[in-house]
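I opened my notebook for a fresh look through this model. Here is what I looked up, entry by entry.

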Amino acid sequence: MSRNLVERKPSNSRVIAPDPDQPVGKNLYIDKKRRMIYMSPYLHEALYLPKFDYKKFNRYKSRYLIVAATFMILATAFDAWFHWPIWSALIITVALWAGLEYSFYKFQKTLVAVKGFDAAKCTPTVDSVIAPDQRTKCYLKIVLYILLGVLLVFNAYDQHYSTIIIVACWAALLFCLYTAFKLTRMLMKSPKS
C-alpha cells in the first residue's frame, strides 16, 4: 500500500484571497459556499459576483479614483495649455462620473440576486488577510501609494498650480495614506508563512 507522505500544512481559514483579481472592500462578503457576494447599495440586495466578473467589478470599484485623476489631469491641462476655466474640466469630469455610475448600475442588474443572504454569517473581505505569497506585492503597493501621494503634492507646489489643484493633491495624498494604512493593517493580520 502506498501512503501519501507529503505533509500538508494546516490551512488558515482566514486566508480567503487566493485569486489575485478577487475584489476586496466594503460591502463584499464570502459566504459559506465560498462565493463572492456584493451587498449593493443601489439595488438594496445581495448579488452573486462570479469569478469571471472580478476584473470588471474591480474597474468599477476604482471609478472614484478614475474620476478624481481625470479631474486633476484635465484641470491642469486646461489651465496650463488652453487657459480655460476650471469649471470646464469639472463639467467633463461630472459627465464621466455619471457615465461610470450608470454603467455600474447596469452591470449590477446583470448579476444574480442571492435570496436569504445574512451578512453576519459571512466573512467580510475587508477582514480577510493577505496570502503569504502576496506579502511582497503588498509591501510594494504600500510604498508606491505613499510615494504617489507625496509626489503629487510636491509637484503641485513645484509647478505653482492653483489653490484648487493643490487642495485636490492634498486630498489625493490623504487617500493614498489611508489606502496604505488599510493595506498595512491587512498585512499585519496575514500569516507570515
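Before counting anything, I fixed my term: a contact means heavy atoms within 4.5 Å. With that in hand, I found that residues 24 or more positions apart account for 69% of the contacts in the chain with a separation of 6 or more. I also noted at the outset that this is a predicted model.

**Entry: overall layout.** I listed the elements next and got five helices and five strands in the chain. Read from the N terminus on, their order is β-β-β-α-α-α-β-β-α-α. I then checked burial: of the 193 residues of the chain, 35% count as buried. The accessible surface of the chain comes to about 13100 Å², and carbon and sulfur atoms hold 64% of that surface.

**Entry: helix α2.** I turned to helix α2, which covers residues 63-82 and has 20 residues. From its first C-alpha to its last, helix α2 reaches 26 Å, close to the 28 Å expected at 1.5 Å a residue. Which residues of α2 are buried? I wrote down R63, V67, F71, M72, L74, A75, T76, A77 and F78. As a reminder to myself, an α-helix has 3.6 residues a turn, so residues three or four places apart point the same way. I looked up the partners too: the buried residues of α2 pack against α1 (54-61), α3, α4 (135-158) and α5 (163-189). After α2 comes H83, and I noted its positive phi, near 55°.

**Entry: a nonpolar patch.** On the surface I found a nonpolar patch of about 960 Å², made by Y42, Y64, W87, L90, I91, V94, W97, Y102 and Y105. Helix α3 (residues 86-110) gives the largest share of the patch, seven residues. I picked out L90, which sits in helix α3. L90 counts as partly exposed because its relative accessibility is 44%, between the cut-offs of 20% and 50%.

**Entry: Q108.** I stayed in helix α3 for Q108. Is Q108 buried or exposed? Its relative accessible area is 1%, so Q108 is buried. Leaving aside neighbours within four places in sequence, I found Q108 in contact with Y38, S40, Y42, L43 and L47. Y42 was already in my notes as one of the residues making the nonpolar patch.

**Entry: cysteines.** How many disulfides does a search of the whole structure find? I got zero. I still checked two cysteines for cover: C138 counts as buried at 5% relative accessibility, and C176 is buried with a relative accessible area of 4%.

Notes. Residues numbered from 1 in each chain as written. Predicted model: local features only at pLDDT ≥ 70, side-chain atom pairs only at ≥ 80, totals over all residues. Heavy atoms only, no water. Patch = residues over 30% accessible without salt bridge, like charges linked within 9 Å, V, L, I, M, F, W, Y side chains within 5 Å. Areas by Shrake-Rupley, 256 points an atom, 1.4 Å probe, with all protein chains shown as cover. Salt bridge = Lys/Arg side-chain N within 4 Å of Asp/Glu carboxyl O. Helix = DSSP H or I, 4+ residues; strand = E, 2+ residues; numbered from the N terminus. Buried < 20%, exposed > 50% of the residue type's maximum accessible area, 1.4 Å probe, protein only. Expected span 1.5 Å × (residues − 1). Disulfide = S-S within 2.5 Å.
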